[in-house]
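Please open the model in your viewer and keep the sequence panel beside it. The stops below say what to select and what is to be found there.

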Amino acid sequence: GNADWISAQQTNGKPMQALTRARDGAVWGYYHGQLWKMSAGKILGQMAAPDPSSDVADMLEASDGRFWINYIEGTPFYRNPGSSNWVEMSKTEFRGLNRVLYEDHEQNIWRGGFGGGLTRIRPRIFTLHELEGSGVDKYARSVCSDAAGNVWAVLNDHTLSRINAGSLLPVVWSNFNIPDTVQTLFVDHRDSLWVGTDNSHLWYQQNQSSASKLNLGNDVKAINAIYEDHHDNLWLGLTGGSGVGLLPNGDPARWKPLAGPTFPDVRAIVQTTDGAIWFGTHYGGAFRWQNGQWTRWTMQNGLPSDYVRCFVADADDTLWMGTIHGLCRWRDSHCVSITSEQ
């Protein structure tokens, strides 16, 4: 088609090393250490390149507005839209010299190298948060968040940590020293911290005070789950005892066991939109507490497994149950199993 060209006088007679189409239909050109945006024979703007002394192999303005530069040597650079700073990719991810850049319909960026093959570049979805010096045997037993966006985690059984909002490194919560092995933790809407252990001890911290301990009785072997319902009551999932505990309005002084489940080994709790409270058990199926009555669902009612490990309640009256042998959708009093076959 027809084209208008930038004159040699505008580029001072220096060779243009690379060209790429801009998202708005203009053209980006690289020469003399600068990026120039051009259209209809005019220069619309310019920006400084990250390494003006190096030769460019290819450039790309991606669909998300991020601008990429491949220097022949080194690693690719990118610049986020609206930012004046260039970010250099990690040198450990690339081999050989850089050649071409390409974006596919899934917004992956592909880098073709000379002596380094083909490399796919895409945003990092997962970030690992770990304590410094944790060693090889490290895991997170329980995770929750608070209203401020901080993330709380139990790392390696005993270490209570907090990842402050916007940070990557966990900080040990040293003013909450728990001698027991931690099973679960929860932060309620009052910003009180609750910690369940592998015995009958429920630890809690309210109003930034020191940690307190509530003993639920010798018949309780572990506290596995903590849940706050729509009326600010705290529910406990227990191994041993009655299997279910209740703290009305989150008050430790009003703690009481709730009798009823015929399988007292609760691992997960949730409330559905109709106000019912559901309890998932360790090989005992799922129990529902509603209007003072208990109802039980097992594999005979369509569950993939009687070990119900987790719940999610949707706003459309659908309850999702995660079991050890797959997913179950409960809706309109019917269970449908979703396993690897689907």
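Begin with Asp314, which, leaving aside its neighbours within four places in sequence, is in contact with Thr273 and Trp320. Bear in mind from this stop onward that the model is a predicted one. Asp314 sits in the loop between S28 and S29, and with a relative accessible area of 28% it is partly exposed. If you add Trp297 to the selection and draw a C-alpha to C-alpha distance, the two residues, 17 apart in sequence, turn out to be 19 Å apart in space.

**The whole chain**

Zoom out and colour by secondary structure: the chain has 31 strands and 0 helices. Its C-alpha atoms fill a box of roughly 90 × 45 × 35 Å along the principal axes, and its radius of gyration is 29 Å, where a compact globule of 342 residues would have one near 20 Å. Of those 342 residues, 44% count as buried. Among contacts between residues at least 6 apart in sequence, 33% join residues at least 24 apart. Switching to a surface view displays an exposed area of about 18700 Å², of which carbon and sulfur atoms supply 48%.

**The nonpolar cores**

Which residues touch the most other members of the largest nonpolar core? Select Trp235, Ile269, Trp278, Phe279, Phe311 and Met321, which hold that position within a core of 25 residues. The strands that each supply at least two residues of this core include S20 (220–228), S22 (244–247), S25 (277–281) and S28 (308–313). The largest share, 4 residues, comes from S24, the strand that spans residues 266–271.

Now centre the view on Met321 and show its surroundings. Leaving aside neighbours within four places in sequence, Met321 is in contact with residues that include Trp278, Leu303, Phe311, Leu327 and Trp330. Apart from this core lies another, of 15 residues, and selecting Ala22, Phe67, Tyr71 and Trp86 will pick out some of its members.

**A nonpolar patch on the surface**

Next select Met16, Leu19 and Val27, which together make a nonpolar surface patch of about 230 Å². Leu19 belongs to strand S1, residues 18–21.

**Salt bridges**

The structure holds 5 salt bridges, and three of them are visited here in turn. Side chains of opposite charge can pair when their charged atoms come close.

Select Glu61 and Arg23, whose closest N and O atoms are 3.5 Å apart in a salt bridge. Glu61 lies in strand S5 (residues 56–61) and Arg23 in the loop between S1 and S2 (27–31), so this pair ties together parts that are 38 residues apart in sequence. Is each partner buried or exposed? Glu61 is buried, at a relative accessible area of 15%, whereas Arg23 is exposed, at 53%.

Move on to Asp24 and Lys37, whose side chains meet in a salt bridge with an N to O distance of 2.7 Å. Asp24 lies in the loop between S1 and S2 and Lys37 in strand S3, so the pair ties together parts that are 13 residues apart in sequence. Here Asp24 counts as exposed, with 53% relative accessibility, while Lys37, with 18%, counts as buried.

Then select Asp188 and Arg190, which form a salt bridge with their closest N and O atoms 3.6 Å apart. Add Glu228 to the selection, for salt bridges that share partners join Asp188, Arg190 and Glu228 into one network. Asp188 counts as buried at 5% relative accessibility, and Arg190 as partly exposed at 30%.

**Two backbone angles to inspect**

For the last stop, display the backbone of Ala40, where phi is near 55 degrees, a positive value in a residue other than glycine. Ala40 is placed in the loop between strand S3 (34–39) and strand S4 (42–48), and it is exposed, with a relative accessible area of 56%.

Finish at Asn249, where phi is near 55 degrees, again a positive value in a residue other than glycine. Asn249 is found in the loop between S22 and strand S23 (256–257), and at 41% relative accessibility it counts as partly exposed.

Definitions and conventions:
Residues numbered from 1 in each chain as written. Predicted model: local features only at pLDDT ≥ 70, side-chain atom pairs only at ≥ 80, totals over all residues. Heavy atoms only, no water. Patch = residues over 30% accessible without salt bridge, like charges linked within 9 Å, V, L, I, M, F, W, Y side chains within 5 Å. Areas by Shrake-Rupley, 256 points an atom, 1.4 Å probe, with all protein chains shown as cover. Salt bridge = Lys/Arg side-chain N within 4 Å of Asp/Glu carboxyl O. Core = buried A, V, L, I, M, F, W, Y, C linked by side-chain atoms within 4.5 Å. Buried < 20%, exposed > 50% of the residue type's maximum accessible area, 1.4 Å probe, protein only. Contact = heavy atoms within 4.5 Å. Rg over C-alpha atoms; globule rule 2.2 N^0.38 Å.
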